[in-house]
Structures are given as C-alpha cells and as structure tokens.
Amino acid sequence: MATKLLALACIRNDSYGDLSPRPHYPSMPKYPKGVSAQETRLQGSEDRAMFSVTGMTCSACAGSVEKAVKRLPGIREAVVDVLNNRAQVMFYPSFVNEDTIREAIEDVGFQAALINDETNDKSIQVCRIHINGMTCTSCSSTVEKALQAIHGVQKAQVALATEEVEVHYDPKIVSHNQLMEAIEDAGFEAILVSTGEDMSKIDLKVDGVRTGNSMRMLEISLQALPGVQAVDISSELKKISVSYKSDMTGPRNFIRVIDSTGSSRGFKATVFPEGEGGGRNTHRKEEIKQYFRSFLWSLIFTIPVFLTSMIFMYIPGIKHGLDTKVVNRLTVGETMRWLLSTPVQFIIGRRFYTGSYKALHRGSANMDVLIALGTNAAYFYSVCTVLRAATSPDFEGTDFFETSAMLISFILLGKYLEVLAKGKTSEAIAKLMNLAPETAILLTLDEEGNVIREEEIDSRLIQKNDIIKIIPGAKVASDGFVLWGQSHINESMITGEARPVAKRKGDTVIGGTVNENGVLHIKATKVGSESALAQIVRLVESAQMAKAPVQKFADRISKYFVPLVILLSFSTWLAWFLAGKFHGYPESWIPSSMDRFELALQFGISVMVIACPCALGLATPTAVMVGTGVGASQGVLIKGGRALESAHKVNCIVFDKTGTLTVGKPVVVNTKLLKNMVLHEFYELVSATEVNSEHPLAKAIVEYAKKFREDEENPAWPEARDFVSVTGHGVKAVVRNREVIAGNKSFMLDHNIAIPADAQDMLTETEGMAQTGILVSIDGEVTGVLAISDPVKPGAEEVISILKSMNVRSIMVTGDNWGTASSIARQIGIETVVAEAKPEQKAEKVKDLQAAGYAVAMVGDGINDSPALVAADVGMAIGAGTDIAIEAADIVLMKSNLEDVITAIHLSRKTFSRIRLNYIWALGYNILGIPIAAGALFPSTGFRLPPWVAGAAMAASSVSVVCCSLLLKNYKRPKKLENLEIRGIKIE
C-alpha cells in the first residue's frame, strides 16, 4: 500500500558503474554493529514477543525496562506500556531469544513473564471488499445484515460513498471468500480489496504464457517459496497475485523464480501496471465509463422520442407526417416512439430491473424499485394505448413513451455525475498514495560495505534490508535508517513539519518524503503495508468507513422510505382518478391531450420518481469522506464520523503539560555551585549518578554534561556503585568514593542534609520561572543547584486565547509540581490547573467535567495520558510517534503543533454543519417535492410536474448533495491561525 500503484518500470540490470565506480565509505557500519553484511542476510526474519511486567509504577520504571532491553544485541524495537504492565519487543532470533530478554527485565528489578497466548490480539482480522450495485442506504443495510448474520463476523461497516465494506471477522471460523459469497448472495458484486492478514501482496504480469498449464506450473513454483501465503492466478489477464510475509521473502524473488522457471519458454515477469484491472480506482473509472456510455446510448434514442412528442407536433409539415395512420388509429409518430423507447426501457434500463429483482428477492426495496415501477407504468400504459389504437377504428389516446425514455436518460445522467463526484471525495487517499516514488536505486554491497553495483528498480520491488540510494531531489523510497551520508529531508507531506529535518548516519527516514540536498544510503526496514505511509492511508480509509451516529437517522428512514413512497404514489393516482370519475374537479383541469385516468397516472408516476432515498444516504458519508480527507492534508487524522460528530460539540479541552503545552525535552538552563569546585568535575560526578536513571530530568543533566566532553561521541562516565533511585524524589550513588545525591528538597531532608539559604532562594526563583530545581549533595553537603526548564511551545498562549474566543474552556492536568504547573499556566493563560495527578486521576478529572455537562477533549501524548484519552469524548494525540497514541486517540495531530487542536475542532464544526445542510436539503427536497409532484399546486395554479421533470429533479438531488459535500475541499483554517506563525523549537 505504501508504494504507489504506478505504470510499469521493469528492472534494469545494467550497472551504473561508470557513474559510481565502486566507491568505498570508511564510515559505513557493518550490519548490525560488529556483524558482517553476510551474517545479517543470514539472520532470518525478525520476531515479536509480548511480556507481562509487574512492579512498574511510573514512566521512569518503563524507561528502565526499555533501556535494559535495548542494550541487548539484536533488539530492533522495544515498547513498554506501564498502564497495562506489558512490554512488546521486536528482535532478531539469531542474536537474542525470549529468555534472555526476560532475564534482562528481571535484572533491573521487575518480574517478567512471556505471554504465549496472543490469540485474543490476532484472532480478529479486518478485510475490505468493494461492492458494485449499491444505490442507497437500503442496499448498504442489506449488505450489513447479510454479513452480520454470518457466524464469526464481529462487525461489518458499509460505506455507501466509497462502495466498500470493512468486516471484522475471525479467520478461524469464516474466510474472506465466504464473506464475498454472502455479499453476492445478497445480489451484489463483491471484489476483494484486502484480507487484513499480516502479509504483503503484489500483482505480477507474466508475458510469454500461452496455456493454463504454464500458469499452474508457475503457481506451484511460487507456493513452494518460504514466506508465500497465497498465490492467485488470472489466465485472461496473465496476472499472478502473490501474498507473502515481507520479512521472509519479496517480489524480486518471485520474478527470479518466474523468469528461471520459464527461461526456455520466454516467460518474463514484471509488476502489473496500474489501470489494467483489480484496483479500486480501476473499478471507479470503469463504473464512470459505463454510466457515460449508457447515458450516451439512451440519449441517441431519447432525443428523437422527445422531438416527435414535444417539438415536431407543433411544426405543420412534420406533424402531418407523424399523424399519418399506419393501422386504424395507430400513427407513424406513436410507432416511432414505441420502437425507439423500447431499447431504452429494456436494454439500457436493464440495470434497474436487475437491481429491483435483487432488492425484492432479499425482501427490501431500493431506488431501483421506484424507477422500475415508474418507467414501467408509463411504458406499459403507452403500449396498451398503442395496441388499442391499432385495433380500434375510433380510439384516441395519448402515449407516455417520452416519459419512460426521458426518465431513464436523466437518471443515468444523474448517476454518472454522482459517481464522478463521489470519486473526487476520496482524492485525499490518492494524493497520499502518490507520495511514493515510481522507481528506486538499489545498491549491492560487498562484505566490507563497498558499493559494487547500482540498478534502478520499480519501488514496489523493494524488500526488507535492501540498501537504497537517495539522490538530491528524489523521494525516499522506503521507511528505514541512514547508513551513510548527510542531508536535509522535507517531511512536511507526512508530519507537517515545514522545515527540512537534518539526517545523518543512524537517523530514521520516512518513505514518500523528499531529499533536499546530499546523497543518502538507507537500509529499508518497513516496506509495503508496514510503512508509515501505508499506515496513514489505512487510518484515513478506516476513518472514511466509520459511520457518524447521525447516519443512523438516515438508516432508520431508509427502511420505510421506498414502501411509503410506493404507497403515496398509488394513493395519489387513486385519489386523482376517483376525484375525476366522481367529478370532484372541473373538466377544464384536464389537459386536452389526456383523460382523467391519464392525468391521475401522470401524478402517480411523478410522485414515484421524484422521491430520492439516495440523497439521504449520501448526506453524511460524503461529507465525512471529504472532511477526513481535508484533515489528512492538514496533518489532522480524524478517525471517522463519530470523532467528527463528537469534536464539533467540544466546549472544554484538557491539556497535558509535558510534550503538549511544553516542548517535552527538558534542558539545563542554569547551574549554581555553592562550593569551590570545577564545573567539569561537578558534572562528571552528577552525570555518573544520573546516567543510570531513565527520568527525563536525568537525561537532560547527562546531555548537558556531554558539552564538557565534546571530543567524545558517547563518553564513558565513571562507575557508580550502590545506585539507588527513589521515584519522584531523586537518585544517589557512590562515585570515585564520594557519595553523590541528586534530587528535590524533600529527598535531601530525608537524608538529613541541611539546605543553605542560597540554595533555598534559588529553588524558589526557579519555580517562579516555571523551572524545576535539582539539588546536588556531595559527601553530605549541598554543592550545587541545577535549574531545568521544559520550554513552552511557541504559540501556546495564542492558541489558548483563540480557544477562549471559540467559547472553549482550557484546563491543564499534569503530574508536575504545583509551582511549575501554575507558573506555566499563568504564562499561557490557563486559569484551571490540576497538578501532581497520576494517569488514573487525569481520567477521573475528565469524567468529573463530563458529569458537569462539558463535552471534553483530552490532548496528550497518548502514552501516560491514554486512560484520559479514552475517557474523553474526543481524544487528541499530539504527534503520531507511538502505536498507543494512534490506538487511544480519536484524532491524531501529526504535526505536534497546538494550532492543530483548533484546526481539528474548526474543521469538525464545518463538516458537521455541511452534514446538517445536506440533510436539510435531502429532507426538504422530498418533503416539498412529493406534494408538488402529487399535484398540490395544480388546483390553484395549474402547475403540473411532468414525470420526466420529476425524474430529472430526483437525479439532481443526489448530485447536489455530493457537490455540497465537495465544497468542503475549499476549507480554510480560521483567519486567526493564518496570522499566527507557529515555529518549531529545535534543541540540540
């Protein structure tokens, strides 16, 4: 997914040796450190283990566990969840195993146990299926019911606007093939988009294959490869789809197998070109073409019908020819109209018969039923009129062939415009997918790290652990880390960070970002569906699938809408017919070309075809699709309609302090020594003690101390013995036979260390400036005071001020001390502060505010704040750096800028107002249109709505709703934000 489905780019095996004559990079590391490139290739796939860790009480404990695990060789990633007492570790089994990891956790003072049973996490999969044939909410409800009735299906969500369904199911009980069969049994066409299994998929085109046996031979050869999960072949398209585990094999291996298997027969495998079948965009384009072709063909037949019935009858010469009798009273004009309208009714309009049959077969009624009934009534009444005229010498009647033909033509035009507009609502996903580059430069290295060959390949052929060369101006082809080179990369398209980010050896890079200057060599770590870009695309897709609660309103109406319209239509015809039969209205009301029955029939048909359930069904999903797409382009990932609906009601925001209102990276801003001592020596002792702690303040002290040893990249600090850490207070150790204690005031008093007046004054001064004071005692005497500051984010004060103007109350909830919290709150304009709060107390505060009647949003980093994020009406995670943030939050702010909190609320309000407007139009149209079509204005004004005009109005109503939603694409942030320039802070 992360790589774009682009036009074919074959592997170019020609070396670029002349351009890059085997350069050698002395600084290029072995893979991993101390291991040769060959050994790395043999290390096998990475593994994942989950441990239950007991004894953790705070983030410092979690940090200790994480640091202990990451020190082990072969660890790729370690994430510790202190709230659920779990640690998830990704590692290379060739270098380390689960027992070693468990022992490392226990060595730092915690109990650890491997969680072997992960079936609860892995048992449910999510597959996506594209559905052809849905026209309204009645159809989507039918599909949902059919899927939810299957044993093993947990949840099914149908999005009418995207014509897709997202199914949460247990693969042990039901397969995705059974899900597709259930959809097809309900009368729709099902096309698999993704299975949701933990694997990648690639489509290959095989040239040179002439028989089905050859394709089956290739299928068997591919299935024999390790890591291949499934192989699907399509002989007609010469296409092979391979699903595989990306950490065990890759697409280049498949191409080599195909080419070698068929080397004597001339087989050649390439990546399947986009647009030749299978993709969702392909289906959308094909659907647009089909509607356009159908509309053109219907126009060819309908225009002559319209001219003969509406125009030529007023032109004397032509009128005489059309009125010429063929048999009895049957005229040439009637015969022409009958012949021309029949293909429109039964061939071009066949889709409406098919849709009606399927709907009625499954016990429901949709828009197709209304169209089929309306056009059939007009057509078959006209046929009866023509047959009576042909068999009777004195019968004169009026046919309505133009009604059925023009109805179908206008409805097809409306469906064409609707599908065209719906395609534009999902442009956000297309733009995200377009970020991936078309090609990449693959490097081949020897064991010493020398480049021995370069080749340009399709970026979809990149495999894990490939070495990729990124030249200036090129897009980064894959997620990975820098092996060699220095450059600046523009990550604004992914993270929203406006300034290019400096990258050097060891730094991570994101696929789809742009290399500004310098050449980089990167190692691919996440490819295909694992990449950051693919995850963002999936998040936006899921958001567009999720229904807003307000959508239930339309779903309830849709159950009764079509039957009610049919009843109203019949009642209208009956009322007008009986009124005419019993002379309930004057004869002058009846048009000269009609009788009472025909007038009543016209009113009945108009009621049936003017009613539009589609507009109601599209009112919410189209607005949600455009709104979430616009949000993604602004760096605000909104997880669907529910989050949008809740966010527009928010009138109180709870902010975490560290990392949300502040930068989140503490720095030492001042040092005051109270004894005669060299500053370098002072920091040598303090850092040797603090380096054993994972507390953010300890890290700040160690980072500051490194400035005194700039000649060393990773300085080795003196050994610290008898290290003790007291959570929330401080640390102590013996360094060079001197007892060093660093911590807060109470920690010193607990150790009977007197605090001089100078130190006390400095502590008071630091708290007044929203800084944290750390006392340092050496051999029982306070030797120095450190002032540590976590700067407030630029623009925080302005953001709080703008929120006040939007009638949104701001509250700070933090685990920091009262002095620092109050000072920061005053600085940025927050009046209510809750300090020294634990994670569960933050969640309780959110619940208290909800009980007081507030719609509460929680803004935090998504880790320690996850209980409050879940408890809030809307959880907003600053930054998308952790999986916990994405899971716990309803809205993910990619940029870590506070201004995006305002953007999220403002966008949700605009989107929801658009949904309201859509519903007002859709409901208002039906409430006003049906009475007018029924002839409510006819007695007083003589105004009558012909059925073909009613059909055109029905088609226009759906298009207008979609276009109304599309206007959201012109969304602009509040003007106050345009005047507010928020700059990032970079702390070295």
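How many bridges join strand β19 to β22, and in which sense do the two strands run? In this predicted model, local features need pLDDT of at least 70 and side-chain atom pairs count only at pLDDT 80 or more, whereas totals for chains, interfaces and linings use all residues. Residues are numbered from 1 along each chain as its sequence is written, and side-chain values use heavy atoms, with hydrogens and water left out.

To take the opening question, β19 (residues 487-490) is joined to β22 by 2 bridges, and the strands run antiparallel. Strands here are DSSP runs of E with at least two residues, helices are runs of H or I with at least four, and both are numbered from the N terminus; two strands pair if DSSP finds at least two bridges between them. Within this pairing, N515 of β22 lies opposite I489. Both strands belong to an open sheet of 3 strands, ordered β20-β19-β22 with antiparallel pairing. Because β20 (501-503) and β22 (514-515) each have a single partner strand, they form the edges, and one side of each lacks a neighbour in the sheet.

Turning to the chain overall, there are 35 helices and 36 strands. Of its 988 residues, 53% are buried (under 20% relative accessible area with a 1.4 Å probe, counting protein chains only; exposed is over 50%, and partly exposed is in between). Among contacts (heavy atoms within 4.5 Å) with a separation of 6 or more, 71% are between residues 24 or more positions apart.

A parallel arrangement is found around strand β32 (residues 809-813), in which 4 of the 5 residues are buried. Strand β25 (residues 652-655) pairs with β32 in the parallel sense over 4 bridges, and S810 is the bridge partner of I653. β32 is also joined to β33 (residues 832-834) by 3 bridges, again running parallel, with T832 as the bridge partner of I811.

I653 reappears in the largest nonpolar core, a set of 133 residues, where it is listed with L147, L179, F655, L803, M876 and I891 as touching the most other members. Such a core consists of buried Ala, Val, Leu, Ile, Met, Phe, Trp, Tyr and Cys residues joined through side-chain atoms within 4.5 Å. Helix α32 contributes the largest share of this core, 12 residues. A second, separate core of 35 residues includes I202, V206, V228 and F254.

Helix α32 itself (residues 899-933) has 35 residues, so at 1.5 Å times one less than that number it should span 51 Å, and the 50 Å between its end C-alpha atoms agrees. G935, which follows α32, has a positive phi near 95°.
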